[in-house]
Amino acid sequence: NELASMMDVGVTQVISTCMSLGMFVSINQRLDAETLSIVAEEFGYEIEFVKPEDEEVNLDEPDSEENLIPRSPIVTIMGHVDHGKTSLLDFIRKTNVIAGEAGGITQHIGAYEVQLADNKGKITFLDTPGHEAFTAMRARGAQVTDIVIIVIAADDSVMPQTREAINHAQAAGAPIIFAFNKMDRPGANADKVREQLAGMNILVEEWGGKYQTAEISAKTGMGVELLLEKVLLEAELLELRANPNKRAVGTVIEAALDKGRGIVTTVLVQAGTLRVGDPILAGCYSGRVKALSNERGARIDFAGPSTPVQVLGMQGAPTAGDKFNVTETEVEAREIANKRLQLQREQGLRTQKHITLDEIGRRLAIGNFKELNIIVKGDVDGSIEALSDSLLKLSKDEIQVNIISKAVGQISDSDVLLASASDAIIIGFQVRPSASARKLAEQEQIDIRLYSIIYDAINEIKAAMEGMLAPTY
Ligand code: GDP
């Protein structure tokens, strides 16, 4: 209806054009970007989309090669529950107080920075362990983590969430370092874990593979220093660099309302330098930096690349994963923030559309579809393997099939978030989504397909990849 009135044509004409494209739409239905373009073209119009993120291109000052200097790595710790993520984060936080600054860390602000002994280097840790937070940020488009540490208790084994963590890290393209924890325990056997990883095609360096590992105890601190040195080594390979001499850009880690201080926002500066007095824009809110403080509550005047910092002075609370920018003037920040708020209201909360099986044919026809990411959940290992193998074999020159995650169990929120972050579809074999995963999938517009016969699953994906899938209504 809206499109019809914009083009000044009858709404039935638009509907019948959609029908001729094989889509049966209702008068109030919202069309995705590609459909809008195609339909408008039929009527001789060209559509220009205005996205809230579009201004960022101008906001982030471009870098030239000579302005880039090394920055410290940003690390997330993942792993199965009770394998020691929190203990490791706490141990590192307690023992590595930044050189020259006395006093332990007193507050949790969502991230902290540590300085290794002998000036070996700094590392920034995101303080919310686990792959859910990591992937939720990624689903919002935030790329924050450079390196992932996956903790595996050596007196236990590779567990479902270990596998999930590996999948999530790999889907993000983040290098992994394995920490075999609880080595102080009598039953600890790191080699057993190495073997299990090898069984998943993950070869650790001691066995000739590419993954660094460290045997540690988050309780006694044994091996933790070595682990951190390996993180720095990995970071060196990544050649992480940023320009500190420009207006700051970065990501919101968390934000909350504090009774005395107003909105308190923790941001991670990723490039440039954030200073007290800077006009700031984050998500749909703006403000001016009134004060900056570090994780020990100490006031600081500025924060450079890879530094987490608490900001006072935002007018509203942005969401974790939102990008932040320093703007030239406060007025500019406010205007963009207001525009984004308005756009968000107009366009509904989500503007991004994820891949569905029905859509593959259309994207193929347009010629911009190269990879099909699939998450496979099933009731037993055997059928998951069989299904995954057959799906992989469907790959052909034009489309590559990637199984970005496969696991036993019902379809969870975490699967949906991974699908959203990686633009994947989810296949459930003899399993169903949990109630909350189903809701989240609706919200995130993730295609979940349920099958009870392997042959059906393969045939349907195959048909979709050939652009032959009969649409379902
Ligand atoms: P998380 O769920 O992965 O964050 O795990 P926690 O850090 O909460 O640890 C789970 C339990 O294992 C706690 O009781 C810890 O005290 C214990 N733990 C963690 N690391 C070690 C370790 O290296 N050695 C021993 N003996 N216990 C540990």
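# Reading pockets, sheets and loops in a predicted model

Q: How much space lies in the second largest pocket?
A: This is a predicted model, and in it the second largest pocket holds about 670 Å³ of space.

Q: Which residues lie nearest the centre of that pocket, and how many line it?
A: The lining of the second largest pocket is made of 20 residues. Nearest the centre are Arg163, Asn167, Met200, Glu385 and Lys406.

Q: Which helices and strands supply at least two residues each to the lining of the second largest pocket?
A: They are helix H7 (160-171), helix H12 (381-392) and strand S19 (400-408). By class, the lining of this pocket has eleven nonpolar residues, five polar ones and four charged ones.

Q: H7 and H12 may be followed into the sheets. What is the strand order of the open sheet with parallel pairing?
A: The order is S19-S18-S20-S21, an open sheet of four strands. At its edges stand S19 and strand S21 (448-451); each has a single partner strand, so one side of each is left without a neighbour in the sheet. On average, neighbouring strands of this sheet are turned by 25° against each other, with direction ignored.

Q: How many bridges pair strand S18 with strand S20?
A: Strand S18 (residues 371-378) and strand S20 (residues 424-429) are paired by six bridges, in the parallel sense. As an example, Asn373 has Ala424 in S20 as its bridge partner. H12 packs on this sheet and touches S18, S19 and S20. The direction of H12 makes about 175° with that of S19.

Q: What is the order of the open sheet with mixed pairing?
A: That sheet has six strands, in the order S3-S4-S2-S5-S6-S7. S3 and strand S7 (212-215) are the edge strands, and each pairs on one side only. Neighbouring strands here are turned by 30° against each other on average, direction ignored. H7 lies across strand S2 (74-79), strand S5 (147-153) and strand S6 (176-181), and runs at about 170° to S5.

Q: Are the residues of strand S3 buried or exposed?
A: A residue is called buried when its relative accessible area is under 20%. In S3 (residues 111-115), five of the five residues are buried, and the strand is mostly covered. Both faces are covered: one side has Ala111, Glu113 and Gln115, and the other has Tyr112 and Val114.

Q: In which sense do S3 and strand S4 run, and how many bridges join them?
A: S3 and S4 (residues 122-126) run antiparallel and are joined by five bridges. Ala111 in S3 stands opposite Leu126 in S4.

Q: What is the general idea behind reading phi?
A: Most residues other than glycine have a negative phi. Positive values can therefore be picked out as departures from what most residues show. In the hairpin of S3 and S4, which has six residues between the strands, Asp118 takes a positive phi near 55°. Asn119 also has a positive phi, near 55°, and sits in the loop between S3 and S4. A third case is Asp82, with phi near 70°, in the loop between S2 and helix H5 (85-95).

Q: Are Asn119 and Asp82 buried or exposed?
A: A residue counts as exposed when its relative accessible area is over 50%. Asn119 has 65% relative accessibility, so Asn119 is exposed. Asp82 has 62%, so Asp82 is exposed as well.

Q: Where is Arg432, and what does Arg432 touch?
A: Arg432 is in the loop between S20 and helix H14 (435-444). With a relative accessible area of 52%, Arg432 is exposed. Leaving aside residues up to four places away in sequence, Arg432 touches Gln410, Ile411, Arg438 and Leu450. Arg432 and Ser412 are 20 residues apart in sequence, and their C-alpha atoms are 9.1 Å apart in space.

Q: How far apart in space are Leu341 and Ala136?
A: From C-alpha to C-alpha they are 21 Å apart, with their places 205 residues apart in sequence when counted as a separation. Leu341 belongs to helix H10 (residues 330-347). At 22% relative accessibility, Leu341 counts as partly exposed.

Notes: Residues are numbered from 1 along each chain as its sequence is written. This is a predicted model: local features need pLDDT of at least 70, side-chain atom pairs count only at pLDDT 80 or more; totals for chains, interfaces and linings use all residues. Side-chain values use heavy atoms; hydrogens and water are left out. On a 1 Å grid over the protein atoms alone, a cavity is a set of points where a 1.4 Å probe fits but cannot get out, and a pocket is an open set with protein on both sides within 12 Å along at least five of seven lines; lining residues have an atom within 4 Å of a point. Grid points are joined across faces, edges and corners, and a volume is the space filled by probe spheres set on the points. Ala, Val, Leu, Ile, Met, Phe, Trp, Tyr, Cys and Pro count as nonpolar, Asp, Glu, Lys and Arg as charged, and the others, Gly among them, as polar. Buried means under 20% relative accessible area, exposed over 50%, partly exposed in between (1.4 Å probe, protein chains only). Two strands pair if DSSP finds at least two bridges between them. Axes are lines fitted to C-alpha atoms, for helices over the stretch in contact, and angles run from 0 to 180 degrees between N-to-C directions. Contact means heavy atoms within 4.5 Å.
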